[in-house]
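Please open the structure in your viewer and keep the selection panel at hand. This tour moves from one selection to the next and says what is found at each stop.

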Amino acid sequence: MDSPLPQPRRRRPVVLIASCALILLATALLLPRAPAVPPLTPAVRLDPRVARRSGNEVLWQLPPGPPRAAVFVAPGCTIRATDFFDASPGCPRCAGLPEERRFTREALRRGYAVLAVSSRAECWSLDAASASGDGSELAAVGSVIEWWVKEQHPELGGLPLVGIGASSGGYFVSALAARVRFSSVAIVIAEGVFAAMEEIPPGYPPALFVHMPRDADRAQMVAASIDKLKSKHVDVREIQCDAFAVSAEFLAARIPGLTPTVADGLVDVLRHKSFLDEKGFLKNDGRSTPWKEAAEEAKILPEGFRLERHVTEELNIAYAYHEFTSLENEEIFKWFDSHMDHKI
């Protein structure tokens, strides 16, 4: 008599569960993610001193320990020096935008004294004189830096001075570096004024370009600026910032006061209104996305919500077209730290 045929084995439930888990893990790993959010150092409290010099608003703060360097900050259009600091007794008007405050806190944590100056108008002027009769902003800021070091904080004398500016502030810093002795500069989402310079001045400082190649025209101009600086033997480097998927975790971690519940609701609204594509990327930048109207319609914003600029900024970072970013803080400060030859 023939032996009975072997019966097919049933797959054990544990094997099926393990297989499903592996598939889910692989799928999760393939999904686009926001950059990891480095924790802020809670010991660094933002509380600047405020003054007005030559028509410009001036804010500054020294690090908790002895300063090892100083950084001058030129904000972009519509951004003010007050956006680089949290509201405090010394500056109740300060707004603490997410990217700006993270840059300031990282600078202070690393021992940099921070000097932020607002432009007189909405954007910076590179003209030789101003309509207000206060003289050029380039000359005014040069005198502000000198006043800050010589009269306010002589202990900064002899320390390295670096500069960073975004958008309009990037053009301004690139021009200011021709007359102020910076150890190095970081030019963010701007190509600088190098195309208009007949000659790159001798001793021009090392320049780091931080830009978003989604803005293809600007990326080409940045490349031209890099070539021109290299032809004059200026040390140059670029960092390109790409888009990433929006997540509630990213928004809640970046924006002080934004709860996980509201962040979840915001991302749900972005999906429901088709502001995101199938991978979670924004279809338009934050300024062009009517997210607040949609969130108000969905009734997910708490009463007295005052974080519109903060949310818009983070959406701009995710879209990666034109926004100041602190996601590259580590590389920016490595650049500053590696070029400390010039002193104030």
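Which strands does α2 lie across? Before you look, keep in mind that this is a predicted model. Select α2, and then β2 (56-61), β3 (69-74), β4 (112-117) and β5 (161-166), because these are the strands that the helix lies across, and by the definition used here contact means heavy atoms within 4.5 Å. The direction of α2 runs at about 150° to that of β4.

Now widen the selection to the whole sheet, which is open and built from 8 strands in the order β1-β2-β4-β3-β5-β6-β7-β8, with mixed pairing. At its edges you will find β1 (49-53) and β8 (236-240), each of which pairs on one side only. If you look along the sheet, neighbouring strands are turned by 20° against each other on average, with direction ignored.

Next, select β7 (residues 207-211) together with β8: the two run parallel and are joined by 5 bridges. Within this pair, Phe209 has Glu238 of β8 as its bridge partner. Add helix α5 (residues 216-231), which packs on the sheet and touches β7 and β8, its direction making about 170° with that of β7.

For the last stop, return to helix α2 (residues 98-109) and select Arg105, which has its place there. Arg105 is buried and yet has no salt bridge, because a salt bridge needs a distance within 4 Å, while the nearest side chain of opposite charge, Asp86, is 4.8 Å away. Finally, show Val44 as well, whose backbone oxygen lies 3.2 Å from a polar atom of the Arg105 side chain.

Definitions and conventions. Residues numbered from 1 in each chain as written. Predicted model: local features only at pLDDT ≥ 70, side-chain atom pairs only at ≥ 80, totals over all residues. Heavy atoms only, no water. Helix = DSSP H or I, 4+ residues; strand = E, 2+ residues; numbered from the N terminus. Buried < 20%, exposed > 50% of the residue type's maximum accessible area, 1.4 Å probe, protein only. Lys, Arg positive; Asp, Glu negative; His and termini not counted. Polar contact = N/O pair within 3.5 Å; in protein donor to acceptor, adjacent residues only side chain to side chain. Pairing = 2+ DSSP bridges. Axes fitted to C-alpha atoms, helices over the stretch in contact; angles between N-to-C directions.
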